[in-house]
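I open this notebook to record what I looked up, beginning with cysteines and then turning to strands. My entries follow the order of my queries.

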Amino acid sequence: MALSTGATSYPRKILDYMEGFLVSKTLFTACELGVFDLLLGSQSPLSAEEVSQAIGASLDGTQRLLDACTGLELLTAQQQEQGRVYYNTVDASRYLTQSSPVTLYHSIQYSSRTIYQCWSHLTDAVREGRNQYEKAFGVNSEDLFEALYRSDEEMVKFMHLMNSIWNICGRDVVTAFDLSPFRSVYDLGGCSGAFAKHFTSAYPESTVTIFDLPKVVQVSRQHFVTDGNQRIGFHEGDFFKDPLPEGDLYIMSRILHDWTDQRCIELLTKVHQACKPGGGVLLVEALLLEDGSGPLTAQLYSLNMLVQTEGRERTAAQYRALLDAAGFTQVQVRYTGKIYDVVLGYRQG
């Protein structure tokens with residue numbers, strides 16, 4: 001079929017996709033310069049000149065950035081006697097300022113400084129079928145988490161990323177099933193403890209032990225999980241190399257998508273062996289539709305797994321097959337209607 005070249009044809013969607021990175025970089029830059037934090041702390045809307053002076057940037061560049069953020073509905077502009085002034089939208093104050101309890105600021109910083117750098121090598125990733133840490137950052141990617149945690153600063157940034165994700169999505173995920181029968185819970189790769197906090201809040205009779213690498217546990221204790229969280233504990237270890245303690249439920253949130261099928265089965269088999277009879281494993285992942293046709297977020301996340309990890313996003317049937325191979329039964333799936341869905345499998349009693 002011939003393509004239309006008529007005067008009325010206008011490729012709006014293609015143009016939007018082509019220029020999508022402009023939107024991302026505008027958001028990244030405004031966050032990095034502290035625009036939203038500044039406006040939140042201001043007693044009144046600010047002019048471009050006031051913002052430029054406060055963030056140490058040129059007036060011309062600041063004016064353009066503020067207008068672009070207004071066009072993106074991140075800021076609101078008003079024309080006053082002294083000129084045009086700006087203030088945050090509700091969403092900007094809620095999600096883009098560092099002081100908000102549900103901030104995405106750290107997630108945005110990680111996206112800007114790490115993920116975006118890897119994605120600049122997406123063409124190479126597609127051609128080679130492997131992650132691009134070596135090209136993006138000059139580090140050996142044979143050990144995935146040595147690459148991800150290539151410095152203490154990078155590790156803390158990643159932990160802030162995970163913290164912000166579960167502050168937004170955690171409640172919906174932990175309540176997708178009734179998990180109250182599981183009292184002794186291990187959160188494998190539990191990182192900052194944000195998921196564990198949601199779990200213990202929803203199920204006050206349960207305790208959650210975060211199982212993670214020693215250096216991650218140390219940072220989590222120092223910066224994320226206070227002594228007041230008495231139903232959250234820690235266990236240092238590498239879940240591939242070290243024995244797993246016996247428990248009722250093992251949480252694996254955004255873990256299996258990092259790994260190949262073979263590595264997933266290896267890990268799930270270890271979990272099955274450690275799990276008490278009648279216990280289970282809870283997988284939290286962005287599920288693809290069975291025919292792979294969507295959702296778009298999961299499709300893009302799967303590309304992100306290509307440039308950053310050894311793994312991929314999967315369908316519910318693919319996760320079911322991994323669980324079956326490891327010995328789990330009665331596999332159930334819950335779709336939350338948001339980014340992350342939940343798969344629950346049991347070890348027979």
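**Entry 1: the term I need.** I take a residue as buried when its relative accessible area is under 20%, and as exposed when it is over 50%. I also note that I am working on a predicted model.

**Entry 2: cysteines.** I looked up C169 and found 11% relative accessibility, so I enter C169 as buried. I then asked how many disulfides the structure holds. The count is 0. A disulfide requires two cysteine sulfur atoms within 2.5 Å. For C169, the closest cysteine sulfur belongs to C191 and lies 15 Å away, which is too far for a bond. C275 is likewise in no disulfide, and I find the nearest cysteine sulfur, in C264, 17 Å away. Is C275 buried or exposed? It counts as buried, because its relative accessibility is 1%.

**Entry 3: the strand at 275-285.** I next examined strand β8, which spans residues 275-285. Of its 11 residues, 8 are buried, and I therefore record the strand as mostly covered.

**Entry 4: its partners.** Which strand pairs with β8 in the parallel sense? I find β7, residues 247-253, with 6 bridges between the two. Within this pairing, I note that S253 has V284 of β8 as its bridge partner. From β7 the chain passes through helix α14, residues 261-274, before reaching β8, and I record this β-α-β crossover as right-handed. I also looked up β10, residues 341-346, which runs antiparallel to β8 and is joined to it by 6 bridges. There, L283 is opposite V343 of β10.

Note on methods:
Residues are numbered from 1 along each chain as its sequence is written. This is a predicted model: local features need pLDDT of at least 70, side-chain atom pairs count only at pLDDT 80 or more; totals for chains, interfaces and linings use all residues. Side-chain values use heavy atoms; hydrogens and water are left out. Buried means under 20% relative accessible area, exposed over 50%, partly exposed in between (1.4 Å probe, protein chains only). Helices (H or I, at least four residues) and strands (E, at least two) are DSSP runs, numbered from the N terminus. Two strands pair if DSSP finds at least two bridges between them. A crossover is right-handed if, with the strands pointing away from the viewer, the path from the first strand over the helix to the second runs clockwise.
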